[in-house]
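Let's take a friendly walk through this model, from its helices to its core and its confidence scores.

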Amino acid sequence: MGRAQTQTLNLTDQQLANINAQNQQFLNQQQQTGNVLNTQFQSILNNPGLSPADKAAVTGQSQGALASAFDSLQQSAANRVARTNNSAGFSELTDDLARQKAVAEGNQAQQNQLAFTNTAFQRQMSALQGLSGLFGVDSNLLGRTLGIPSQLLNVRANAGRSGSGFFTSLGSGLGSTLGALPSALF
């Protein structure tokens, strides 16, 4: 073999070794990132809802706003009685305000619970999408494993596309990017 051929072979082998080392480095980084994301997605999947402190804060804020509004109306009625020195109808008005306040507080509590449940469900679906992207597994398959009907997943996925949130974008984007890296590298 000639000197030029030997030199070409050595340079080719060196370039191949460099590419293989770089590919191995990318694979190691992908595995490390995948392990971190897998842990985080699993954590979200296992604990998808808001913390008790967050729920208490949301409930306190919403109920406090309602109480403030109705207390203001109650005070306005009391001021009118003091100003006019006429208490006619005051008892009925305060009773009516109390009933309206109770109904509004009940409705707000129901809305809060629904929002807590939706948040937990959306985070769980985002974690499933992230995991499916990491491992290349269909999210419908993961959903069925958890007992979630595929029709429900499709409805939620379609609804999530119109108003996709941070977790959905993060989960699907990172999962699909990391899931595609091995095929791009090899």
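## Helices, core and confidence

At 1.5 Å a residue, the 44 residues of H1 should span 64 Å (the expected span being 1.5 Å times one less than the number of residues), and the end C-alpha atoms of H1 are 63 Å apart, which agrees. Helices here are DSSP runs of H or I with at least four residues, numbered from the N terminus.

This is a predicted model, in which local features need pLDDT of at least 70 and side-chain atom pairs count only at pLDDT 80 or more, while totals for chains, interfaces and linings use all residues. Residues are numbered from 1 along each chain as its sequence is written, and side-chain values use heavy atoms, without hydrogens and water.

In H1, the buried residues (under 20% relative accessible area, 1.4 Å probe, protein chains only) are Asn23, Gln30, Gly34, Leu37, Phe41 and Leu45. The largest nonpolar core (buried Ala, Val, Leu, Ile, Met, Phe, Trp, Tyr and Cys residues joined through side-chain atoms within 4.5 Å) has 9 residues, including Leu37, Phe41, Phe121 and Leu134. Helices H1 (3-46) and H3 (90-135) each give two or more residues to this core, and H3 provides the largest share, 6 residues.

Asn85 sits in the loop between H2 and H3. Its phi is positive, about 55 degrees, although Asn85 is not a glycine.

The chain averages a pLDDT (the predictor's confidence in each residue, from 0 to 100) of 79. The two extremes are:

| Helix | Residues | Mean pLDDT |
|---|---|---|
| H2, highest | 52-84 | 91 |
| H6, lowest | 166-185 | 51 |

Where pLDDT is low, the predicted coordinates should not be read in detail.

Notes. Buried means under 20% relative accessible area, exposed over 50%, partly exposed in between (1.4 Å probe, protein chains only).
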